[in-house]
Amino acid sequence: MKVHQHVLNRNDYDYKTTDTFITQSGKIQPKIIFAGKFIWFLLAALAFFAYFMFQSAWSRSEINEGLIYYLLMFPSVLLVFYPAVFGIQNDEDNRILEILFGIPDYKYKVWGVRLLMIYVAIFFILVAFSYLATLLLYPVNPFEMSIQLMFPLAFFGNLAFMLSTITRSGNGTAVLTIILAIFLLITSKTEMIERSFWNILLNPFKVPDSFLPVIWEGLIIKNRIFLLIGGIVWMMIGLLNLQKREKFI
């Protein structure tokens with residue numbers, strides 16, 4: 001009975017320690033996610049967006065919601081790139097990776113929460129960028145624009161996260177992600193993919209002349225479902241890869 005009571009108390013202590021660490025981890029997670037080089041990616045995203053807006057106004061291009069969506073796409077990919085690609089490496093560099101693996105359901109309590117925090121932060125940054133575009137270039141609905149951008153962003157971000165759990169290297173993941181992005185950019189311009197729901201870069205605000213609005217709306221819904229499911233699949237594969245502790249420590 002005493003031994004049983006001792007084990008029980010020890011287990012209670014372990015759970016209390018774990019809960020305390022998770023609480024503290026929730027407070028320091030933003031510092032881990034957005035520390036280091038993220039501020040430079042944020043400044044680069046803002047600089048690129050400002051340059052794209054200036055170039056569009058200077059060249060007197062036709063300015064509409066579809067153009068604003070395109071202008072925001074590259075800066076938004078920059079925002080998700082650093083935290084998704086270098087997250088695992090940052091944990092290792094901060095020497096907390098082995099500690100995190102000791103937490104029950106680590107992949108959900110730490111990385112699941114971390115991915116959520118990344119996308120929430122990027123969403124509000126995109127709202128600010130969209131509002132800036134409304135002030136300087138063309139009136140858009142900042143929340144609608146940001147929500148539409150989050151679908152391809154979650155797809156790319158979770159894909160990069162999954163690759164980082166395979167390569168376990170930020171630089172290696174960055175190279176693979178850039179190669180895949182270039183490949184997807186090229187294929188999205190092909191006649192077979194460009195106007196299908198398989199197009200990851202499909203612009204919901206740019207209706208082709210040959211499409212009826214009803215058909216186009218149905219295509220957009222299918223595309224967003226495809227991106228959402230794809231993003232969830234990449235995330236789940238990445239989280240399952242984190243179960244293989246021996247590959248990371």
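**A chain of ten helices**

From the N terminus on, the elements of the protein chain run α-α-α-α-α-α-α-α-α-α, a total of 10 helices and 0 strands, where helices (H or I, at least four residues) and strands (E, at least two) are DSSP runs numbered from the N terminus. The model is predicted, and local features need pLDDT of at least 70, side-chain atom pairs count only at pLDDT 80 or more, and totals for chains, interfaces and linings use all residues. Residues are numbered from 1 along each chain as its sequence is written, and side-chain values use heavy atoms, with hydrogens and water left out. Of the 249 residues of the protein chain, 42% count as buried; here buried means under 20% relative accessible area, exposed over 50%, and partly exposed in between, with a 1.4 Å probe and protein chains only.

Helix α2, which covers residues 38-58, has 21 residues and reaches 30 Å from its first C-alpha to its last, close to the 30 Å expected at 1.5 Å a residue; the expected span is 1.5 Å times one less than the number of residues in the helix. Its buried residues are F38, F41, A45, F49, M53 and S56. Seen down the axis of α2, these buried residues fall within an arc of 110 degrees, so they line one face of the helix, the arc being that of the directions from the helix axis to the C-beta atoms. An α-helix has 3.6 residues a turn, so residues three or four places apart point the same way. On the other side of α2, W40, F54 and W58 are exposed, and the helix is followed by R60, whose phi is positive, near 55 degrees.

From W40 the view can pass to helix α3 (residues 65-85), in which Y82 lies. Y82 and W40 are 42 residues apart in sequence and 9.8 Å apart in space, C-alpha to C-alpha. With a relative accessible area of 5%, Y82 is buried, whereas W40 is exposed.

Further along the chain, helix α7 (residues 142-167) holds S146, which counts as buried because its relative accessibility is 0%. A polar atom of the side chain of S146 lies 2.7 Å from the backbone oxygen of P142. F155 also lies in helix α7, and with a relative accessible area of 5% F155 is buried.

Helix α8, residues 170-187, has 18 residues and reaches 26 Å from its first C-alpha to its last, close to the 26 Å expected at 1.5 Å a residue. Within α8, the residues G170, T173, A174, T177 and L184 are buried. Seen down the axis of α8, its buried residues fall within an arc of 100 degrees, so they line one face of the helix. The face turned away from this buried side carries the exposed residues N171, F183 and I186.

From F155 a contact in space leads to a later part of the chain: the C-alpha atoms of F155 and I229, 74 residues apart along the chain, are separated by 8.5 Å. I229 belongs to a nonpolar patch on the surface, formed together with I221, I225, V233 and I237, and these residues have about 420 Å² of accessible area together. Such patches are made of residues with over 30% relative accessible area and no salt bridge, with like charges joined within 9 Å and nonpolar side chains (Val, Leu, Ile, Met, Phe, Trp, Tyr) within 5 Å; a salt bridge is a side-chain nitrogen of Lys or Arg within 4 Å of a carboxyl oxygen of Asp or Glu, and accessible areas come from the Shrake-Rupley method with a 1.4 Å probe, where for residues only the protein chains shown count as cover. V233 lies in helix α10 (residues 213-241), and V233 counts as partly exposed because its relative accessibility is 40%.

Methods
A polar contact is a pair of N or O atoms within 3.5 Å; within protein, one must be able to donate a hydrogen and the other to accept it, and residues adjacent in sequence count only if both atoms are side-chain atoms.
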